[in-house]
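Reader: I'd like to talk through a few side chains and the cysteines here. Could you put the structure up before we start?

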Amino acid sequence: MANKYANLVGTNKIKDEYTKINTGFDGVETDINALNDLVDALDSRVDTIITTPIDGEAAAQEIVDARAGFSTIGGRITAIEGDIETHMADNVHFYKNYRGHMFHVLNSWIPKQHIYKGQLHVHTTNSDGTNTPTEMMEAYRNAGYDFVAITDHNKVTADPQVEGILFIPGTEETTHPSHFITINTTTTYIGTTLGEWGTIPIPEGSLKLYKDIIKALPKGAIHGLAHPALSEWPIVPEHIPDLYGYSLFEILNGSTNSSALYDRALSSGRRCWCIAVDDAHSVTAINKAWIMVNADALDQDTIIDEIQSGNFYATNGATISNVTVEN
């Protein structure tokens with residue numbers, strides 16, 4: 001009877017509410033188990049009365065005791081019904097007061113023929129990196145990566161044609177204060193309209209610019225929020241509910257953890273996948289955090305499709321072999 005959804009890690013509000021409901025149903029379940037024990041005991045006593053010769057006085061006492069037992073059961077049933085009504089009321093109250101009213105848990109994990117290791121945030125000498133695109137791609141290939149997206153600031157770096165690893169074009173749309181990554185793109189909005197480093201007033205200008213970037217995204221591109229909690233170039237927390245159009249969220253960028261802001265994005269109704277990245281600017285800063293993608297083939301279209309659908313996980317070392325959602 002326990003509500004298993006209390007174990008899901010979604011927004012904190014959902015988790016807390018379901019945990020409270022789950023605890024109440026656990027109490028009801030305990031009462032029902034005790035009730036079953038009483039019924040079994042009474043069945044046994046009735047069998048004794050029927051099958052065992054006893055005098056009238058003893059039989060009368062057995063009947064009195066049985067009636068008392070059934071009276072106890074009746075009281076416990078009434079109490080259980082009250083508990084159920086209370087927890088149902090809590091559940092309905094929760095649904096009525098949380099946007100959406102209904103929750104659907106979708107399992108985006110679909111095992112494919114392979115699982116590929118990939119990096120979605122890398123810089124080279126084409127922006128502020130210290131190694132060439134070729135050197136960065138070779139370093140990742142040698143570290144066991146299957147694909148890499150180079151995301152230089154406000155510039156789309158050309159494929160350096162390194163064998164043994166898939167190149168995916170991208171850019172980091174860089175404003176002051178906020179940064180945004182775009183994967184699977186051949187154009188850069190800021191690099192085209194504002195030059196290499198856009199200087200935008202804070203905070204209204206950066207929010208308006210973000211919306212302009214979203215409108216200009218090429219078809220098939222994947223947009224994401226870069227290091228939102230990084231103190232030097234943060235996403236303004238108050239803007240999280242107003243940002244839209246992104247499907248990736250850097251929950252881990254090097255050593256910067258943005259899980260609190262990711263929770264805020266989910267709570268505001270955004271459907272986005274968390275990613276872990278290096279944001280490496282040299283070959284000595286690679287392999288700190290990455291994603292693992294389920295896919296049948298290692299080509300750009302297939303990898304992009306699986307990332308879009310959320311068929312991957314983000315990690316800085318842990319390995320996940322299977323994910324299931326039941327009931």
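Author: This is a predicted model, and a good place to begin is Cys 274, whose sulfur lies 8.3 Å from the closest cysteine sulfur, that of Cys 272, which is too far for a bond.

Reader: How many disulfides does the structure hold, then?

Author: The structure holds zero disulfides. For Cys 272 the closest cysteine sulfur is the one in Cys 274, and because a disulfide needs the two sulfurs within 2.5 Å, the 8.3 Å between them is too far for a bond.

Reader: And is Cys 272 buried or exposed? What about Cys 274?

Author: Cys 272 is buried, at 4% relative accessible area, while Cys 274 counts as partly exposed, with a relative accessibility of 24%.

Reader: Switching topic, where is Thr 188 found, and why does it count as buried?

Author: Thr 188 sits in the loop that runs between strand 4 (179-183) and helix 4 (189-193), and it counts as buried because its relative accessibility is 9%, where the cut-off for buried is under 20%.

Reader: What does the side chain of Thr 188 pair with?

Author: The Thr 188 side chain makes a polar contact of 3.1 Å with the side chain of Glu 173, and one of its polar atoms also lies 3.2 Å from the backbone nitrogen of Gly 191. Beyond its neighbours within four places in sequence, Thr 188 is in contact with residues including Asn 154, Lys 155 and Val 156.

Reader: Is Thr 192 buried or exposed?

Author: Thr 192, which is found in helix 4, is exposed, with 62% relative accessible area. Its C-alpha is 8.1 Å from that of Asn 154, although the two residues are 38 apart in sequence.

Terms used: Residues numbered from 1 in each chain as written. Predicted model: local features only at pLDDT ≥ 70, side-chain atom pairs only at ≥ 80, totals over all residues. Heavy atoms only, no water. Helix = DSSP H or I, 4+ residues; strand = E, 2+ residues; numbered from the N terminus. Buried < 20%, exposed > 50% of the residue type's maximum accessible area, 1.4 Å probe, protein only. Polar contact = N/O pair within 3.5 Å; in protein donor to acceptor, adjacent residues only side chain to side chain. Contact = heavy atoms within 4.5 Å.
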